[in-house]
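Please look over the sequence and the structure. The report below covers the ligand and the pocket.

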Amino acid sequence: MRSDDHDRLYLSPPHLGRHELNYLHKAIEDNWVAPVGPNLDGFERDLCQYTGAAHAVALSSGTAAIHLALLLLGVGPGDEVIVPSFTFVATANPVRYVGAEPVFVDSEATTWNLCPARLREALEDRRRLGRPVKAIIVVHLYGMPARLTELLALAAEYGVPVLEDAAEALGAQYQGQPLGSFGALSVLSFNGNKIITTSGGGALLTNNAEWARRARFLATQARDEAPHYQHSVQGYNYRLSNLLAGIGRGQMELIEDRVKRRREIYAQYAEQLRPLAAVEVGPAEPAGLRANRWLTTILLRPEHTDCTPEDLRQHLETHNIEARPLWKPLHLQPLFAASPAYGGSVCADLFARGLCLPSGSAMTSADVRRVVQALTEAL
Ligand SMILES: *Cc1c(COP(=O)(O)O)cnc(C)c1O
């Protein structure tokens, strides 16, 4: 953050604690600036402990983690992968990296995530067309758990592995179990705007020891065991550095505080925006699910206002408050115009009516009131 921006309210800026510097200091003192080192091991241990996954591989980004996960699942040229239409483009891009095509599926209205009924329709139809699906990517958007019981049952019924994109969902739980532990392979992101950050980074989580070993191998240029540089398969330079992993260790000490604060911010918005008939804060948390409330999102009710999300965003901008539209559905993106899609009206409606509000865990209650006041003024 620049110093002249001190009163700008950002959507989700990094929130550093006090111990990141200790880990960095130790790494530099010990000359562990090389990519792999003790912070990397420590950070991976922290991630396993927190999510319950048996193995964590820290990588340079969440996108890299999705790419490696698809390779481990054997997805390749000509294959199809089911992707929710309502997500960030980074969920779908790696499908193209491996030469496969995404097949988009709409959201359901309660969690805004993958709709089980639409998923069944897509799996059935691709089978009928002789295009069996190679993997299903489940995303927990804005930190709200997807309907995992139904989705995992469908995946099992059709014999398709699930890749869990939990990039926005660290700290959320489904029936008491941490997200990031449900997929055959699961992915986290530590990008600067996520609930914790290493400035840039990601991780691949799995209970499969062979996949974890293979992911480390592919992420470090796929060197065969030999004293010289010997290569039999194509590798990548995807490992997180030991320095950035030090920031991650400091951040992981605070993850529970960060989730608690984001949930408080959501609750404050929900409470203070209740008098505005034109605004709906949500999605509400279904029983048994804990959202991490990475971002607080609102929907406008057109029957109560002529104001559009873009009008609101521009009004907030005049108060030096950053807000963003919800993710634009991928089936509506020019990049994926030719990809098959099942449904799409649910997420298109969310996009048309929705806005993300500033939700950083360093926000104060006064900051929340400032946003609410600006929204009230506009409406
Ligand atoms: C951020 C994000 C990613 C990608 O993570 P990076 O670390 O930025 O590469 C993937 N999927 C979703 C849903 C995300 O929000």
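## Polar contacts to the ligand

In this predicted model, a polar side-chain atom of Lys 194 is 3.1 Å from an oxygen atom of the ligand. Glu 168 also faces a ligand oxygen atom: an N or O atom of the Glu 168 side chain lies 2.6 Å from it. Asp 165 pairs with a ligand nitrogen atom instead, and a polar atom of the Asp 165 side chain is 2.8 Å away from that nitrogen.

How much of the ligand does the protein bury? The ligand alone exposes 380 Å², and the protein buries 94% of that.

## The shell around the ligand

The ligand has 15 residues around it. Gly 62, Thr 63, Glu 168, Ser 189 and Lys 194 come nearest. By class, the shell holds 8 polar, 4 nonpolar and 3 charged residues.

## The pocket

Where does the ligand sit? The ligand is found in the largest pocket. The volume of this pocket is about 490 Å³. The lining counts 32 residues, and Phe 88, Asn 193, Lys 194, Trp 294 and Trp 327 are the closest to the pocket centre.

Three elements, helix 3 (62–72), strand 8 (185–189) and strand 13 (324–325), each give two or more residues to the lining. Helix 3 gives the most, with 3 residues. By class, the lining has 15 nonpolar, 11 polar and 6 charged residues.

Note on methods: Residues are numbered from 1 along each chain as its sequence is written. This is a predicted model: local features need pLDDT of at least 70, side-chain atom pairs count only at pLDDT 80 or more; totals for chains, interfaces and linings use all residues. Side-chain values use heavy atoms; hydrogens and water are left out. A residue is near a molecule or strand if one of its heavy atoms lies within 4 Å of it. A polar contact is a pair of N or O atoms within 3.5 Å; within protein, one must be able to donate a hydrogen and the other to accept it, and residues adjacent in sequence count only if both atoms are side-chain atoms. Accessible areas come from the Shrake-Rupley method with a 1.4 Å probe; for residues, only the protein chains shown count as cover. On a 1 Å grid over the protein atoms alone, a cavity is a set of points where a 1.4 Å probe fits but cannot get out, and a pocket is an open set with protein on both sides within 12 Å along at least five of seven lines; lining residues have an atom within 4 Å of a point. A molecule sits in a cavity or pocket if more than half of its atoms lie within 2 Å of its grid points. Ala, Val, Leu, Ile, Met, Phe, Trp, Tyr, Cys and Pro count as nonpolar, Asp, Glu, Lys and Arg as charged, and the others, Gly among them, as polar. Grid points are joined across faces, edges and corners, and a volume is the space filled by probe spheres set on the points. Helices (H or I, at least four residues) and strands (E, at least two) are DSSP runs, numbered from the N terminus.
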